[in-house]
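Thank you all for coming. I would like to walk through one structure with you this morning, so please bring it up on your screens before I begin.

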Amino acid sequence: MSYQQHFHMPSGSTSGRSRMSDFGRTHVVRPRGKHQVTIVWLHGMGDNGASWTQVLDALPLPNIKWICPTAPVRPVGMLGGFRCTAWFDVGEMSEDTVEDMEGLDSSAAHIANLLSSEPADVKVGIGGFSMGGATALYSATCAVLGRYGNGNIPYNINLLKAVVSLSGWLPTGISSRSLGNRVQSSQEAARRAAYLPILITHGTSDDQIPYSHGERSARVLSAAGFGRLNFKRYDGIGHYTIPREMEDVRNWLAASLGLPTE
C-alpha cells in the first residue's frame, strides 16, 4: 500500500453550476465493526474517489464508513484551462485569490447530500487531501454559518463532528476578521465554531500548496472562533502523505469521535 498521493493537475471550474450528474463515481469503504461514524473523504485535483479507498480501509478505525466521491471534470484556470477532476476552479495559489464560489458551493452541496441520508445516530465528518482538504475546510465554514457562501441558501448539515485537511488550504481568500465577524454575529454559529474539531496538517517542503497556506488557514480559523483546531506540521515532507501522518489522523479521529481502534 502506498500512502503517497501526488498533486495532479485538475480541472478548474466553469461558469455553470455543477449538477449531480457532473460528479463522477462514488466509492464506499464499509465499516468492519458497528457503524458509528460516516466521513466523506475528498481527493485532490486530477484524482478520483477510488485512489484513497485502500489507505482509508487500512486505517484501524473499524467503526467508520468512508464515502469517497469523485469531483466533476472541468477546466482549471491555474492550469491554463486544462480539464480534469476538481472540486472548484482556482486561478493561482496566492492568499489574495478569490476562488470559484459557485464550484465550491456546488461541491459542498454534493457532500452535504451524501451525508444527509446517514442514520440519525451516526456522527458525520468531512476530510480530504489538497483541494479536497480545501473543500472540507470550506464545508466547515458553511456548517458553522448555516449557509453556503452566497449567503442565501441554508446549509443542511450543521452537526459536523470532525473536519480534516491534509496539505490543503482555506479557500476564497477569507480573512480572520470577515469570517470572525460572520461567526460572532450569530450565537449559534459561534457555538458551532467553538466545538467543531478540526485537524489541519501540512508538510514544510510542500512545493504544490505552500506550507504557509496551511499555517495561515489554521491561524484564520482560530482567530475567527474555531476553538478546537489542531495544526500539525511535518518537517521536510512535500505534497504527499506519510504513514506517520495517517497514524496521527487515526489517533485524532479516535480521540475526537470517541472511537475504538483495532
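When I speak of a contact, I mean heavy atoms within 4.5 Å. With that in mind, please remember throughout that what you are looking at is a predicted model.

Let me begin with confidence. The protein averages a pLDDT of 88, and 87% of the residues score at least 70. Over residues 1-17, however, the pLDDT is below 50, although this stretch has 79 contacts in the model beyond its near neighbours in sequence. Where pLDDT is low, the predicted coordinates should not be read in detail.

Now to the helices, and to the pair α3 and α5. Helix α3 covers residues 131-145 and helix α5 covers residues 187-195, and the two pack at an angle of about 140° with their axes 7 Å apart. Angles over 145 degrees would count as roughly antiparallel, and α3 and α5 are therefore oblique to each other. Which residues of α3 and α5 meet? On the α3 side they are Ala143, Val144 and Leu145, and on the α5 side they are Ala189, Arg192 and Ala193. Sorted by class, the residues of this contact of α3 with α5 are five nonpolar and one charged, with no polar residue.

Helix α3 also has a contact with α2, and here the axes come within 10 Å and cross at roughly 80°. That crossing makes α2 roughly perpendicular to α3. From α2 the contact takes Met101, Leu104, Asp105, Ser107, Ala108 and Ile111, while α3 gives Thr135, Tyr138 and Ser139. In the contact of α2 with α3, five residues are nonpolar, three are polar and one is charged.

Let me turn from packing to open space, taking the pockets before the cavities. The largest pocket has a volume of about 230 Å³. It is lined by 13 residues, of which Ala120, Val122, Val124, Ile157 and Leu159 are the closest to its centre. The elements that give two or more residues to this lining are α2, residues 101-116, and β6, residues 123-129. By class, the lining of the largest pocket has seven nonpolar, three polar and three charged residues.

The second largest pocket, with about 190 Å³ of space, takes us back to the helix pair we started with. Among its lining residues are Ala143, Val144 and Arg192, which you will recall from the contact of α3 with α5. Its lining also includes Asn158, Leu159, Leu160, Lys161, Tyr195 and Arg228. Two or more residues each come from α3, from β7 at residues 160-166, and from α5. Which element gives the largest share of this lining? That is α5, with three residues. Seven residues lining the second largest pocket are nonpolar, one is polar and four are charged.

Finally, the enclosed spaces. A search of the whole structure finds two cavities of 30 Å³ or more, and I will describe the second largest, which has a volume of about 40 Å³. Its lining includes Val29, Arg30, Pro31 and Arg32, together with Leu56, Asp57, Ile64 and Trp66. Helix α1, residues 53-58, and strand β3, residues 64-68, are the elements that give two or more residues to this lining. Sorted by class, the residues around this second largest cavity are eight nonpolar and three charged, with no polar residue.

That is where I will stop, and I am happy to go back to any of these regions on the screen.

Notes: Residues numbered from 1 in each chain as written. Predicted model: local features only at pLDDT ≥ 70, side-chain atom pairs only at ≥ 80, totals over all residues. Heavy atoms only, no water. Axes fitted to C-alpha atoms, helices over the stretch in contact; angles between N-to-C directions. Helix = DSSP H or I, 4+ residues; strand = E, 2+ residues; numbered from the N terminus. Parallel < 35°, antiparallel > 145°, perpendicular 65-115°, else oblique. Nonpolar A, V, L, I, M, F, W, Y, C, P; charged D, E, K, R; others polar. pLDDT = per-residue confidence, 0-100. 1 Å grid on protein atoms, 1.4 Å probe; cavity = no way out; pocket = protein on both sides within 12 Å on 5 of 7 lines; lining within 4 Å. Points joined across faces, edges and corners; volume = space filled by probe spheres on them.
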